[in-house]
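Colleague: I would like a close look at one part of this model. Please start there, then work outward to the rest of the chain.

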Amino acid sequence: MTFVAAAMPILGLPRLGSGPGRPVNSALTMDYRREYLRELFSATPGTMVSAYGWVKTRRDSKGLSFVQLNDGSCFQDLQVVVNAGVVDEATLKLITTGACVRFDGEIVASPAQGQAVELVAKGVEVFGAADPLAYPLQKKGATFEFLREIAHLRARGNTFGAVLRVRNEASWAIHKFFHERGFLHLHTPIITASDCEGAGAMFAVTPSLKTHGDRYALDTTDPKEDFFGKPAFLTVSGQLEAETVALAMTNVYTFGPTFRAENSHSSRHLAEFWMVEPEMAFCDIVGNMNLAEEFLKAILQHLLDHCAADLEFFNKRIEPELLATLSHVAESPFERISYTEAVDMLLASGESFEFPVFWGADLQSEHERWLTDTKIGRPVIVTDYPKAIKAFYMRQNEDGKTVRAMDVLAPRIGEIIGGSQREERLDVLERRIADMGLPREAYWWYLDLRRYGSAPHAGFGLGFERLLMYVTGMKNIRDVIPYHRAPGQADF
Ligand code: 4AD
Ligand code: MG
């Protein structure tokens, strides 16, 4: 990236204000190809630059003004010094928290602590003022609950800006991880007719009532007359379709939105969340665990290497010891125990849990947290759950009671990954579908995979927002996704 150094005329937007000495160093046109603010920090003192962004704060002192400017490209704000007379009074009044501006000026070595350089303004253009009396993000220290109500503005704040940068980098790291290992990235459908998890917590998809006029009243609808000619839903997982392609292309993964109509108000559940789902042919439960562990560690390491400033902020303000924990987890082996061992540990713990512990009961969040936070102190992979509490597609063990399921539990979060080796034997799978009372016809194509060229295979699903909670230390899943969908919450 080169820095534009010559004085150039400003084309494009009309100017709201102009100060003496400008324009100094404006970009030729309104074009994305300009320096991001993060690049200005490494500019050599003496360089003339333009800095575009939104004002975090303005502080006036003895004829000078200090403006903190941020464009979202990095955690740190650029300090802009506006000397007396550089900007006329009326324009200066518009440079308030939330305003969008461009400063032209000279990068100089900064006398202030915590920043190598600052910008001495020679001119400014105000693109959009923000009335200080009305701007909702005026004060520091707004609660996360309040920020959820202004989700359309929260990316301007420190915390949510950091969340979005970490989210972006994690997403890239995931694609990079699989691409480097030869996995095929697959787009699985969002509208589906089958219930992957068999749990029935699905949203129905039907044309809007408006387009169908009075003929349509949801409870009298005949599904055969509906858009798809049968009931259709938003997918809860791309797994079943990923399996069909793994049994042709060997190693595949999906990374897409998934939907659950659970009426859960917990801090770990969303109605719309993103899931990463690898699926591998010729892979068993051990290979699956190995991949899950290698995958999580690689993502953590990537984020430690590429999001240092943001993670330091989370470490300081949100979750003490975050950095030390993530580095430790990235390097040490995960614990691997069976469900039966986990139940024995819980029974021997002497803790009084809200939900009773017995062989056959599903592990509740409090049990998962005890195992990871109290007993083991790092991520744990629990395998071989009772078949009665797991989905129909999991491979049955010889004991007739358990299946080759695996959940990866993370400290503070609980379940972060759920997966299994898949049942590849046609007769066993057909019996399981019948025993669970699932509609066999709906799964004809899934059963076909076991009819034609079946293979041992396995995969898992990582809840992307749960991973982000783990990595940032954020306590509520609603604060790690741009727009949260939860019961009663589909604003914006
Ligand atoms: O354990 P789950 O339900 O597994 C599946 O859906 C499998 N079909 C995945 C597979 O094997 N390909 O969900 C996987 C992960 C969970 O471990 C959790 O991290 C996350 O998805 N998850 C949720 N995240 C946010 N809100 C919810 N309501 C979630 N439900 C599951
Ligand atoms: Mg699960």
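How many bridges join strand 2 (residues 64–70) to strand 3, and do they run parallel or antiparallel?

Modeller: Five bridges join strand 2 to strand 3, and the two run antiparallel. Bear in mind that this is a predicted model. One facing pair is Q68 and Q79, the latter in strand 3.

Stay with strand 3 for a moment. Strand 3 spans residues 78–82, and five of its five residues are buried. Buried here means under 20% relative accessible area. Both faces of the strand are covered. L78, V80 and V82 lie on one side. Q79 and V81 lie on the other. Q79, which stands opposite Q68, is thus among the buried residues.

Strand 3 also pairs with strand 5 (residues 117–128). Two bridges join them, and here the sense is parallel. V80 has L119 in strand 5 as its bridge partner.

Strand 2 has another pairing, with strand 1 (residues 48–61). That pairing is antiparallel and runs over seven bridges. R59 is bridged to F66 of strand 2.

Put these pairings together. Five strands close into a barrel, in the order 1-2-3-5-4, with mixed pairing. Neighbouring strands of this sheet are turned by 55° against each other on average, with direction ignored.

Now the other sheet. Eight strands form an open sheet in the order 6-9-10-15-14-13-12-11, again with mixed pairing. Strand 6 (184–185) and strand 11 stand at its edges. Each has a single partner strand, so one side of each is left without a neighbour in the sheet. For strand 6, two bridges run to strand 9 (residues 251–259), in the parallel sense. H185 has Y253 of strand 9 as its bridge partner.

At strand 11, a helix comes in. Helix 10 packs on the sheet and touches strand 11 and strand 12. The direction of helix 10 makes about 90° with that of strand 11. Helix 10 covers residues 339–347, and its buried residues are Y339, A342, V343 and L346. Seen down the axis of helix 10, they fall within an arc of 100°, so they line one face of the helix. The general rule fits this spacing: an α-helix has 3.6 residues a turn, so residues three or four places apart point the same way. The cover over the buried residues of helix 10 includes strand 11 (335–338), helix 11 (365–376) and strand 12 (380–386).

Helix 14 (residues 464–472) also lies on strands of this sheet. Helix 14 crosses strand 9, strand 10 (272–281), strand 13 (402–410), strand 14 (414–421) and strand 15 (457–463). Helix 14 runs at about 55° to strand 15.

Helix 12 (residues 426–435) is worth a look too. V428, L429, R432 and I433 are its buried residues. Down the axis of helix 12, they fall within an arc of 135°, so they line one face of the helix. The face turned away from that buried side carries A434 and D435, both exposed. Helix 13 (444–451) is among the elements that cover the buried residues of helix 12. After helix 12 comes G437, with a positive phi near 70°.

Next, the cores. The largest nonpolar core has 58 residues. Those with the most contacts inside it are F178, F295, L311, F314, I416 and I417. Helix 7 (residues 285–306) supplies the largest share of this core, 10 residues. Another core lies apart from it, with 32 residues, including I337, L363, V380 and L438. As for L311, leave aside its neighbours within four places in sequence. L311 is then in contact with V166, L303, L304, L322, L323, L326 and V471.

Finally, the whole chain. The protein chain has 14 helices and 15 strands. Of its 492 residues, 51% count as buried. Take contacts between residues at least 6 apart in sequence: 68% of them join residues at least 24 apart. The C-alpha atoms fill a box of roughly 85 × 60 × 45 Å along the principal axes. The accessible surface comes to about 23000 Å², and 55% of that belongs to carbon and sulfur atoms.

Technical notes. Residues are numbered from 1 along each chain as its sequence is written. Chains are lettered from A and ligands numbered from 1 in the order in which they are written. This is a predicted model: local features need pLDDT of at least 70, side-chain atom pairs count only at pLDDT 80 or more; totals for chains, interfaces and linings use all residues. Side-chain values use heavy atoms; hydrogens and water are left out. A nonpolar core is a set of buried Ala, Val, Leu, Ile, Met, Phe, Trp, Tyr and Cys residues joined through side-chain atoms within 4.5 Å. Buried means under 20% relative accessible area, exposed over 50%, partly exposed in between (1.4 Å probe, protein chains only). Helices (H or I, at least four residues) and strands (E, at least two) are DSSP runs, numbered from the N terminus. Contact means heavy atoms within 4.5 Å. The arc is that of the directions from the helix axis to the C-beta atoms. Two strands pair if DSSP finds at least two bridges between them. Axes are lines fitted to C-alpha atoms, for helices over the stretch in contact, and angles run from 0 to 180 degrees between N-to-C directions. Accessible areas come from the Shrake-Rupley method with a 1.4 Å probe; for residues, only the protein chains shown count as cover.
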